[in-house]
Amino acid sequence: MLARHLEMTPRGPKAIVAYWLMPAEPTRSFFASTIGKLAARFDAPLFEPHVTIYAAGKGEGIPAEVLGRALADCHPFRLSVRNIQYSDEFTRTVFVQFEPSPTLSGISHALQQAPVSHDEYQLNPHLSLIYKKMTRSAKTELAASVSLPFTEVLFDSAKAVICPARIRSRQDVEAWRVAAVQRLTE
């Protein structure tokens, strides 16, 4: 859990800046299509395919500068797919779990050092396919039905996204706002 959060608005929910790693084409389109189909089928929110690599209190540095410093010498890299899993968390209903990666850990650590507060963050590299409250049997069936045509995913950019500190509903997902984008250098 993050130690501190700042208000999005005087009366609004608390906000954070989530730092995402973005898949490159053609896997980006595959994941976006899968997320879109599942959202339509289960009346779930749409969202961009991403792997959250860090989250910090809003106001802990300018997102574009934080991304720029943390990713200055970072090249596109691949993560290996471990499997498809599900959980009871709204933001990890059904998801692609990736193997740990020294490169990804290094980026997450660099992001943790960039803000003033140095919030602790538990890196768990995964890419969610749907955000929806579902029964365990529905999640089990859905996870078993997902087939990936690849075993690795190339990541070539990152985003900083302002979002509510707790994502529990479609409205929370729809409140996300991109604050900065950074391409990984070739």
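## Strand β5, helix α1 and two backbone oddities

Strand β5 has both of its faces covered: V94, V96 and F98 on one side, and F95 and Q97 on the other, are all buried. That makes for a mostly covered strand, with five of the five residues in 94-98 buried. Keep in mind that this is a predicted model.

### Who sits beside β5

The strand has a partner in β4 and another in β6. With β4 (residues 77-86), the pairing is antiparallel and runs over five bridges. To find your bearings there, look for V81, which stands opposite F98 of β5. Strand β6 (residues 126-130) is also antiparallel to β5, and four bridges join the two. Here the pair to look for is Q97 and H126, with H126 on the β6 side.

| Partner of β5 | Sense | Bridges | Facing residues |
|---|---|---|---|
| β4 (residues 77-86) | antiparallel | five bridges | V81 opposite F98 |
| β6 (residues 126-130) | antiparallel | four bridges | H126 opposite Q97 |

### Helix α1

Now for the helix. Does α1 come out at the expected or an unexpected span for its 16 residues? Residues 27-42 should span 22 Å at 1.5 Å a residue, and the end C-alpha atoms are indeed 22 Å apart, so the two values agree.

Which residues of α1 are buried? They are T27, F31, T34, I35, L38 and A39. Looking down the axis of α1, you'd find these buried residues within an arc of 130°, which means that they line one face of the helix. Turned away from that buried side is a face carrying the exposed residues K37, A40 and R41.

What covers the buried residues of α1? The cover includes our strand β5 along with β6, and also β2 (14-23), α4 (136-145) and β7 (152-164). So β5 turns up twice in this story, because it pairs with β6 and is also part of the cover over α1.

### Either end of the helix

The loops flanking α1 are worth a look if you care about backbone angles. In the loop between β2 and α1 sits P26, and the peptide bond leading from E25 to P26 is cis, with omega near 5°.

Just after α1 comes D43, with a positive phi of about 50°. D43 has that positive phi although it is not a glycine. Its place is in the loop between α1 and β3 (51-57). Is D43 buried or exposed? With a relative accessible area of 55%, D43 is exposed, the cut-off for that being over 50%.

Technical notes: Residues are numbered from 1 along each chain as its sequence is written. This is a predicted model: local features need pLDDT of at least 70, side-chain atom pairs count only at pLDDT 80 or more; totals for chains, interfaces and linings use all residues. Side-chain values use heavy atoms; hydrogens and water are left out. Buried means under 20% relative accessible area, exposed over 50%, partly exposed in between (1.4 Å probe, protein chains only). Two strands pair if DSSP finds at least two bridges between them. The expected span of a helix is 1.5 Å times one less than its number of residues. The arc is that of the directions from the helix axis to the C-beta atoms. Contact means heavy atoms within 4.5 Å.
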